[in-house]
Amino acid sequence: MNKPQGTVVFKGIETGVTISLNANWHQESKGDPIYPTEVYYVTRGGEFAPTITIRKIDLPPDEYHRDNYLQLSQILLDEQSSQNESSPPHVLEQHIVQVDDHPCRIDIFEWVEKDTGIPIIQFQATIQLSSSVCGFVAILKKEDQSTYLPTITDAAFSLKFDETPQAIQSNN
């Protein structure tokens with residue numbers, strides 16, 4: 001597959017997850033001691049620029065099952081509902097798909113940020129891996145939806161997971 005001109009492939013330092021984004025996106029690793037996390041953002045000179053957060057959650061063998069990704073999707077949606085009780089999220093789309101040959105649930109919903117009143121679009125994908133679950137959450141202002149949602153969707157489907165024993169060991 002040829003990547004479009006101006007596309008950059010980022011490899012997560014913390015997560016080991018590879019993602020393709022336009023060249024105007026930047027990467028920041030979060031030194032979270034519990035869950036490896038990467039943040040990708042666009043600098044446009046203003047507040048509330050689109051961001052993507054990728055978090056990898058390793059699961060103990062006794063908690064692992066083939067539907068962990070569905071549970072994580074629901075937890076994230078419920079969490080958003082509890083944070084914005086006055087403006088609960090309105091689900092626009094839900095899909096079960098494959099990302100890098102892994103089961104994935106995509107939820108796209110809108111909500112209003114309670115402190116600013118800004119309408120927000122949230123794109124989240126939860127992906128089931130062999131010993132973990134990966135969460136992909138992108139947040140953008142609703143007014144930026146037509147500009148950034150196609151890029152975010154492409155980025156979600158570009159995710160690649162290196163689950164070789166050596167890569168898993170080096171990420172723990």
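User: What is the bridge partner of isoleucine 52 in β9?

Analyst: In this predicted model, isoleucine 52 has alanine 138 as its bridge partner in β9.

User: What makes β5 and β9 a strand pair?

Analyst: Two strands count as paired when at least two bridges are found between them. Strand β5, residues 51-58, is joined to β9 by eight bridges, and the two run antiparallel. Eight meets that cut-off, so β5 and β9 are a pair.

User: How do you know that β8 pairs with β9 too?

Analyst: The same kind of check works here. Nine bridges join β8 (residues 119-128) to β9, again antiparallel. The cut-off is at least two bridges, so β8 and β9 are also paired. As one example, glutamine 124 stands opposite valine 137 in β9. The connection between β8 and β9 is a hairpin through three residues.

User: Why is strand β9 described as largely enclosed?

Analyst: Strand β9 covers residues 132-141, and nine of its 10 residues are buried, so the rest of the structure largely encloses it. Two residues of that strand show how the label is earned. Cysteine 134 has a relative accessible area of 0%, and phenylalanine 136 has 0% as well. Buried means under 20%, so both residues qualify.

User: What makes phenylalanine 123 and phenylalanine 136 an edge-to-face aromatic pair?

Analyst: There are three aromatic pairs in the structure. In the pair of phenylalanine 123 and phenylalanine 136, the ring centres are 5.7 Å apart and the planes are at 75 degrees. Rings pair when their centres lie within 6.5 Å, and planes over 60 degrees apart count as edge-to-face, so this pair passes both tests. The two residues are 13 apart in the chain, with phenylalanine 123 in β8 and phenylalanine 136 in β9. Phenylalanine 123 has 1% relative accessibility and is therefore buried, as is phenylalanine 136 at 0%.

User: How do you know how many disulfides the structure holds?

Analyst: It holds zero disulfides. Take cysteine 104: the closest cysteine sulfur is in cysteine 134, at 8.9 Å, which is too far for a bond. The cut-off is within 2.5 Å, so these two cysteines are not a disulfide. Cysteine 104 is buried, at 0% relative accessible area, and so is cysteine 134, also at 0%.

User: What makes the backbone of aspartate 100 and aspartate 101 worth a look?

Analyst: Both have a positive phi while not being glycine: near 50 degrees for aspartate 100 and near 65 degrees for aspartate 101. Most residues other than glycine have a negative phi. Aspartate 100 is found in the loop between β6 (90-99) and β7 (102-112), and aspartate 101 is in that loop too.

User: Are aspartate 100 and aspartate 101 buried, partly exposed or exposed, and why?

Analyst: Aspartate 101 has a relative accessible area of 71%, and exposed means over 50%, so aspartate 101 is exposed. Aspartate 100 has 24%, which lies between 20% and 50%, so partly exposed is the right term.

User: Why does phenylalanine 157 get the label it has for accessibility, and what does it touch?

Analyst: Its relative accessibility is 38%, between the 20% and 50% limits, so phenylalanine 157 counts as partly exposed. Phenylalanine 157 sits in helix α2, residues 145-158. Leaving aside residues up to four places away in sequence, phenylalanine 157 touches Val97, Gln98, Val99 and Ile106. From valine 97 it is 60 residues away in sequence, with 9.5 Å between the C-alpha atoms.

User: What makes β2 a partner of both β1 and β10?

Analyst: Five bridges join β1 (residues 7-11) to β2 (residues 17-22), and two bridges join β2 to β10 (residues 160-161). At least two bridges are needed, so both count as pairs. Both pairings are antiparallel. Phenylalanine 10 stands opposite isoleucine 19 in β2, while threonine 18 has lysine 160 in β10 as its bridge partner. Between β1 and β2 there is a hairpin of five residues, where glycine 16 has a positive phi of about 75 degrees.

User: Where does pLDDT stay under 50?

Analyst: Over residues 165-172, for which the model has nine contacts beyond four places in sequence. Where pLDDT is low, the predicted coordinates should not be read in detail. The protein as a whole averages a pLDDT of 87, with 88% of the residues scoring at least 70.

Terms used:
Residues numbered from 1 in each chain as written. Predicted model: local features only at pLDDT ≥ 70, side-chain atom pairs only at ≥ 80, totals over all residues. Heavy atoms only, no water. Buried < 20%, exposed > 50% of the residue type's maximum accessible area, 1.4 Å probe, protein only. Helix = DSSP H or I, 4+ residues; strand = E, 2+ residues; numbered from the N terminus. Phe/Tyr/Trp six-rings, centres within 6.5 Å; stacked < 30°, edge-to-face > 60°. Contact = heavy atoms within 4.5 Å. pLDDT = per-residue confidence, 0-100.
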